[in-house]
Amino acid sequence: MTVSFTHLHLHSEYSLVDSTIRIKALVAACVRDGIPAVALTDDSNMFALVKFYKACSAAGIKPIGGCDLWISSSDDPRPWRLTLLCQNRDGYLNLSRLVSRAWQEGQHGGRALVDVSWLTAGATEGLIALLGRDSETARLAIGQGIDAARARLRPLARLFPDRLYLELTRCGRDGEENWNTAALALAGELALPVLASNDVRFLKQDDFAAHEARVCINQGRVLADPKRPREYSDQQYLKTPAEMAALFADLPEALENTVELAKRCTLELK
């Protein structure tokens, strides 16, 4: 069977803020569902990478290392998410440096932040970037319009030449469809590829309640609190390639790009 999709944005239990996925169970699910490669992009840390790498390699799954970083800038107090994947060893070393520097120099409000000025050509070499619903580009596109988003997107496209993808999700969360529409327009204008994603936080749909409990523990809230933010949906589970193919049937290139991107990433750890 031809594989049409692979997950490239996923948090494990090492993302203490928002995931319940254990590495061993993740690898078993990938083997069961015929997913030949998977990326681990934990929130502001790479603690699970060695365990993940060994488990995937032993099971015949291609491991892709990565991380979700939160970017800060002086002109906007709200940090935004940038997902980075290691294309090779240089990318792994650069990502390790960015994560370490964020914890050493960028801690603010309980979060490790990467200052946007640290993202230079040398610091991003060997890294592939994904911009999704929580990116600055999406925020500008939804709040200020496509022109504002385009102005900020062009420098990022130059910073990640042929290594920048616009991430599309259909999990039923606020702002997703607005971003998807803008992303497709921007991709067409700037010749950027789009990428289908499910922004995975748990293995099965039934795990959503346990996931929400973990989120509440991190936030110091209770599940029944009507005022607590609902940032996730029960659709953020490890969907099979067939489920993702059905979800993005109208955008086959977004599915195919996940497989092509996975082929571009080769990281060997010793």
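Strand 1 and strand 2 (residues 62–73) run parallel to each other and pair over four bridges. Keep in mind as you look around that this is a predicted model. Within that pairing, Leu40 of strand 1 sits opposite Gly65 in strand 2. Strand 1 itself covers residues 37–40, and its side chains alternate: Ala37 and Ala39 point one way, while Val38 and Leu40 point the other way. Whichever way they point, all four of these residues are buried.

Now move along to helix 3, which spans residues 89–105 and holds Asn94. Asn94 has a relative accessible area of 10%, and since the cut-off for buried is under 20%, that makes Asn94 buried. What does its side chain do there? The side chain of Asn94 makes a polar contact with the side chain of Arg97, at 3.0 Å. If you skip the neighbours within four places in sequence, Asn94 is also in contact with Gly122, Ala123, Thr124, Glu125 and Leu127.

Further on comes helix 7, residues 208–219. Its length is easy to check: at 1.5 Å a residue, its 12 residues should span 16 Å, and the end C-alpha atoms are indeed 16 Å apart, so the two values agree. Which residues of helix 7 are buried? They are His211, Glu212, Val215 and Cys216. Look down the helix axis and you'll see these buried residues fall within an arc of 140°, so they line one face of helix 7. Right after the helix comes Gly220, with a positive phi near 70°.

Methods:
Residues are numbered from 1 along each chain as its sequence is written. This is a predicted model: local features need pLDDT of at least 70, side-chain atom pairs count only at pLDDT 80 or more; totals for chains, interfaces and linings use all residues. Side-chain values use heavy atoms; hydrogens and water are left out. Helices (H or I, at least four residues) and strands (E, at least two) are DSSP runs, numbered from the N terminus. Buried means under 20% relative accessible area, exposed over 50%, partly exposed in between (1.4 Å probe, protein chains only). A polar contact is a pair of N or O atoms within 3.5 Å; within protein, one must be able to donate a hydrogen and the other to accept it, and residues adjacent in sequence count only if both atoms are side-chain atoms. Contact means heavy atoms within 4.5 Å. Two strands pair if DSSP finds at least two bridges between them. The expected span of a helix is 1.5 Å times one less than its number of residues. The arc is that of the directions from the helix axis to the C-beta atoms.
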